[in-house]
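Student: Could you take me on a close look at one part of this model? I'd like to go through a single strand and what sits around it.

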Amino acid sequence: MRADIYLLYLLLRLLALLPLRALHAIGSGLGRLLLWQRGRMVQNTAVNLRIVRPSLDDAAQTALLREVVSESGKSISEIVKVWGTGAERALALVREVRGEALLDAALAAGKGVIIAAPHLGCWELLNYWLCRKTPMAILYRPPRIAAVEQLLRKVRGALAPEQVRADGAGVRTLYKRLAAGGTVGILPDQKPRAGEGAFAPFFGRQALTMVLLPRLAARTGATVLFAFAERLPRGAGYRIQILPAPERLADADPAIACAALNQGVQDCVEWAFAQYQWQYKRYSADGLISPYDRENG
């Protein structure tokens, strides 16, 4: 491990001694700072909230924006605890699990399991919990700083998932794992590259949506489950939620399958709306007028 990355690891270990409640308070403060600066992240979030909650008046939109940005700050600060304390000790923060029987039944069926984990709550803790249940491979894009992977391997320890690059060889690896009855994890709301997705409604507006997950489900017969780690109030810990996938997610028609995929993400988001990563430009795509452009409001 590079010296600077090792120093970062030691800093995480030190800061992880703080209670989760204190770290979340720091995260909320960071959120207030971001809100005051009104940078691009906050502007994108405000645009998305107006799209998905159009019935709210200005005062309600402002209050919701404040809550969402506060939760975004917590998602940054809590990673100190999740990474710095070690995977097994971090799992002590899981206070409740809902829907575990769905996962147990899917694993017992032996036909493969696809975990669709949206950008909601604390997905790093969710990874730990899932990897303690079963070996898992996740589709990912390498970090821009290659040395960060060394840090991730160090903090995840024995509960690190197999990381499969998001390329042709990686996708073939996922097919093989599912065909053998294994488990893979995918971010279902990751915006695909041009030509690798289909348009489907997401909170009432068309959004470019991945076709990979529905195709994996259709071709392998694997069970699809949605999952997230919900942040509990006042630093009390986390609740793991596992939900069944909507019907027709494996439909042969990409438009129908992607609509079902987005509905599954929506079902998760409605459980913990403010904890979703609303800063992503989900409604932008080639050939469309972006709602995030300043001139387009």
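Tutor: Let's start with a pairing: Ile138 of strand E3 has Gly185 as its bridge partner in E5. Keep in mind that this is a predicted model. Ile138 isn't alone in linking these strands, since E3 and E5 run parallel and are joined by 3 bridges.

Now look at E4, the strand covering residues 162-165. It also runs parallel to E3, with 4 bridges joining the two. One pair to find here is Ala137 with its partner in E4, Glu162.

What about the side chains of E3? Met136, Ile138 and Tyr140 point one way, while Ala137 and Leu139 point the other way. Whichever way they point, all of them are buried. To count as buried, a residue needs under 20% relative accessible area. With 5 of its 5 residues passing that test, E3 is largely enclosed by the rest of the structure.

E3 also takes us to the largest pocket. Leu139 and Tyr140 are among the residues nearest the centre of that pocket, along with His119, Leu187 and Gln190. The lining has 50 residues in total, and the space inside is about 1,600 Å³. Which elements give two or more residues to that lining? They are helices H4 (58-84), H7 (123-133), H8 (148-156) and H10 (212-220), plus strands E3 (136-140) and E5 (183-186). H4 supplies the largest share, 5 residues. Sorted by class, you get 28 nonpolar, 10 polar and 12 charged residues in the lining.

Let's pick one residue from each of two of those helices. Ser72 is in helix H4. Its relative accessibility is 5%, so Ser72 counts as buried. Beyond its neighbours within four places in sequence, Ser72 is in contact with Gln277 and Gln279.

Over in helix H8 you'll find Arg156. This one has 8% relative accessibility, so Arg156 counts as buried too. Its side chain makes a polar contact of 2.7 Å with the side chain of Glu124, and another, at 2.8 Å, with the side chain of Gln163. If you skip residues up to four places away in sequence, Arg156 touches Ala87, Asn127, Tyr128 and Pro161 as well as Glu124 and Gln163.

So, back to where we began: follow E3 in the viewer, with E5 joined to it by 3 bridges and E4 by 4, then trace Leu139 and Tyr140 towards the centre of the pocket.

Methods:
Residues are numbered from 1 along each chain as its sequence is written. This is a predicted model: local features need pLDDT of at least 70, side-chain atom pairs count only at pLDDT 80 or more; totals for chains, interfaces and linings use all residues. Side-chain values use heavy atoms; hydrogens and water are left out. On a 1 Å grid over the protein atoms alone, a cavity is a set of points where a 1.4 Å probe fits but cannot get out, and a pocket is an open set with protein on both sides within 12 Å along at least five of seven lines; lining residues have an atom within 4 Å of a point. Grid points are joined across faces, edges and corners, and a volume is the space filled by probe spheres set on the points. Ala, Val, Leu, Ile, Met, Phe, Trp, Tyr, Cys and Pro count as nonpolar, Asp, Glu, Lys and Arg as charged, and the others, Gly among them, as polar. Buried means under 20% relative accessible area, exposed over 50%, partly exposed in between (1.4 Å probe, protein chains only). Two strands pair if DSSP finds at least two bridges between them. Contact means heavy atoms within 4.5 Å. A polar contact is a pair of N or O atoms within 3.5 Å; within protein, one must be able to donate a hydrogen and the other to accept it, and residues adjacent in sequence count only if both atoms are side-chain atoms.
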